[in-house]
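Biologist: I am new to reading structures of this kind, so please take me through the sequence and the model one step at a time, and explain each term when it comes up.

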Amino acid sequence: MYCKNLTILAGVTTAIAAGMFVLFGPETVYRSRKKSRGLCPGLINTGNTCFLNAILQSFAACHSVLKWLTKLLDREKCSKSLTLSVAETLRVLNNQCDDVDGSVCPTDILECLRHKQWIITADEQDSHELFHVMTESLEEEMSLYPGLVSLLDINGLQMTTSDSQLNDGAITKVKTALHILPKNTLPHPFRGLLASQLQCKDCGFKFPVRHDNFDSLSLSIPSSCWKPLTLDRLLQHFIRSETVHNVECLKCSTEKADISSSRSTCLKKLTVAKLPQCLCFHIQRTVWLDNGIPTKKRDYVEFSEHMDMSSYIYKGNQSRTNLSKMYFLPGGQKDWKNSQSNSMVNLKLSLPLINNIQPTDNLTTSVNVTLQEQANYQIKCHYRLMAVIVHLGDIFSGHFVTYRRAVQSGPTVSSSWLYCSDELVKTSTLTEVLDANAYMLFYEKM
């Protein structure tokens, strides 16, 4: 009796499996198995498009990217071509779409980029270059207003009604309203700020801090290094002070009568002023030999699953944990207590802008508020590794693969890893990821 029931149960199971195969096809069964094993869909290589597939799998692993795209689409209430295509692809790669069978073909993303005048040929391309093309194109597409009208566009210049024009009475020479500068209130999660500052080696004067945007940090491999290469060592090499000659020092020009002697040598210090939500590192592996032939550096760079960026952020002239010893401010006169005559001007230029606090005319209040804000301001500097792109091959031909975290099933980040090579997706381990010869690293704030 037991054997008979077992035979009937096996027959019913076989019939159900056959029905699924006939009704839905083999791809649906395969896809359900992939989901049950924690895998994600693959991406079809339509001809040297592995550079795009690697970037898309890395974006899918960074949850802030899809969250940013979704927020932009909800805010605009419209279907932007590139933004919508990338968002839908990332949802599929994270198993959020049940109506997609098998692997995904991302050719529509390339077509959107070509429509935006980007020249992407059928030859092999670089993933890092595409990363910047996509971030720039997505940000341009989601600007509140279109780009500036070309001076050659007569019709655009003579438009009298447009949402991208000012309505405060300001007009151009052709009696039309001035156009509004493009603006994006939701920058992409890879956008950060670098802080660079010059300091005179003769008088010690510090120039005001200059800020520049960055989407990724390109780290070069030293030509000769006796110690093991690590990501931290490359970062230290990136922010190291460099000497800049023939710089006109403002303080030296006021103290020295000879104008020619006001030119001095300065040290340039580079740090990170604002950390992005997603931090992308690019390890420069292409170098040129003396004969002009490019070659690929295959040095292994050690990196970790978690990273602390507190050692590389801009702190002014003091440690945030030792504010009581602060007796000078960055960017102006040292020892500001002894320079009463011009302390007001120097301090207002020197005070770092924290939480959008502007220096006021009340010097004591401004300093106290700024110090209090610095003491209470906690910067999140801890990151978690989300994806790694590896380039296989030489400088002239190769293939890009991605190690990414498995699809997140709940509020916690998955500890499992996947190996993605176009349509091939299989499980991997953290040890394999950390042993990879990384080309691009994607970290996300914890």
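Biologist: Is F131 buried or exposed?
Modeller: This is a predicted model, in which local features need pLDDT of at least 70, side-chain atom pairs count only at pLDDT 80 or more, and totals for chains, interfaces and linings use all residues. Residues are numbered from 1 along each chain as its sequence is written, and side-chain values use heavy atoms, with hydrogens and water left out. A residue is called buried under 20% relative accessible area, exposed over 50% and partly exposed in between, using a 1.4 Å probe and protein chains only. Because F131 has a relative accessible area of 0%, the word for F131 is buried.

Biologist: How many aromatic pairs are there?
Modeller: Rings of Phe, Tyr and Trp (its six-membered ring) pair if their centres lie within 6.5 Å, and the planes count as stacked under 30 degrees apart, as edge-to-face over 60 and as tilted for the rest. By this rule, the number of aromatic pairs is nine.

Biologist: How do the planes of F131 and F442 meet, and how many residues apart are the parts that this pair ties together?
Modeller: The rings of F131 and F442 are 6.1 Å apart from centre to centre, with 70° between the planes, and the pair is therefore edge-to-face under the rule for rings. Helices (H or I, at least four residues) and strands (E, at least two) are DSSP runs, numbered from the N terminus. Because F131 lies in helix 7 and F442 in strand 14 (residues 438–445), the parts tied together by the pair are apart in sequence by 311 residues.

Biologist: Is F442 buried or exposed?
Modeller: The relative accessibility of F442 is 0%. With this value, F442 counts as buried.

Biologist: Where does F190 lie, and how many residues apart are the parts that its pair with F442 ties together?
Modeller: F190 and F442 form an edge-to-face pair, 6.1 Å centre to centre and with 80° between the planes. F190 lies in the loop between helix 8 (154–157) and strand 1 (192–200), whereas F442 lies in strand 14, so the parts that the pair ties together are separated in sequence by 252 residues.

Biologist: Which residues do ring pairs link into a cluster?
Modeller: F190, like F131 and F442, is a buried residue, with a relative accessible area of 2%. The cluster that ring pairs link is made of F59, F131, F190 and F442.

Biologist: Which residue in strand 14 does C280 stand opposite?
Modeller: Two strands pair if DSSP finds at least two bridges between them, and strand 6 pairs with strand 14 in the antiparallel sense over five bridges. Strand 6 (residues 278–284) is largely enclosed by the rest of the structure, because six of its seven residues are buried. Strand 6 also pairs with strand 3 (residues 217–220), in the parallel sense over four bridges, and there S218 stands opposite H282. In strand 14, the residue opposite C280 is F442.

Biologist: How many salt bridges are there?
Modeller: A salt bridge is a side-chain nitrogen of Lys or Arg within 4 Å of a carboxyl oxygen of Asp or Glu. By this rule, the number of salt bridges is six.

Biologist: How far apart are the closest N and O atoms of R191 and E139?
Modeller: R191 forms a salt bridge with E139, and both residues are buried. The closest N and O atoms of R191 and E139 are separated by 3.0 Å.

Biologist: Where does R191 lie, and how many residues apart are the parts that its pair with E139 ties together?
Modeller: R191 lies in the loop between helix 8 and strand 1. Since E139 lies in helix 7, the pair of R191 and E139 ties together parts whose separation in sequence is 52 residues.

Biologist: What is the N to O distance in the salt bridge of D215 and R191?
Modeller: D215, in the loop between strand 2 (210–214) and strand 3, is 24 residues apart from R191 along the chain. Both D215 and R191 are buried. Their side chains meet in a salt bridge with an N to O distance of 2.8 Å.

Biologist: How far apart are the closest N and O atoms of E305 and R405?
Modeller: R405 is buried, at 3% relative accessibility. The closest N and O atoms in its salt bridge with E305 are apart by 2.7 Å.

Biologist: Which residues are joined into one network by salt bridges that share partners?
Modeller: R191 forms a salt bridge with E139 and another with D215. The network joined by shared partners consists of E139, R191 and D215.
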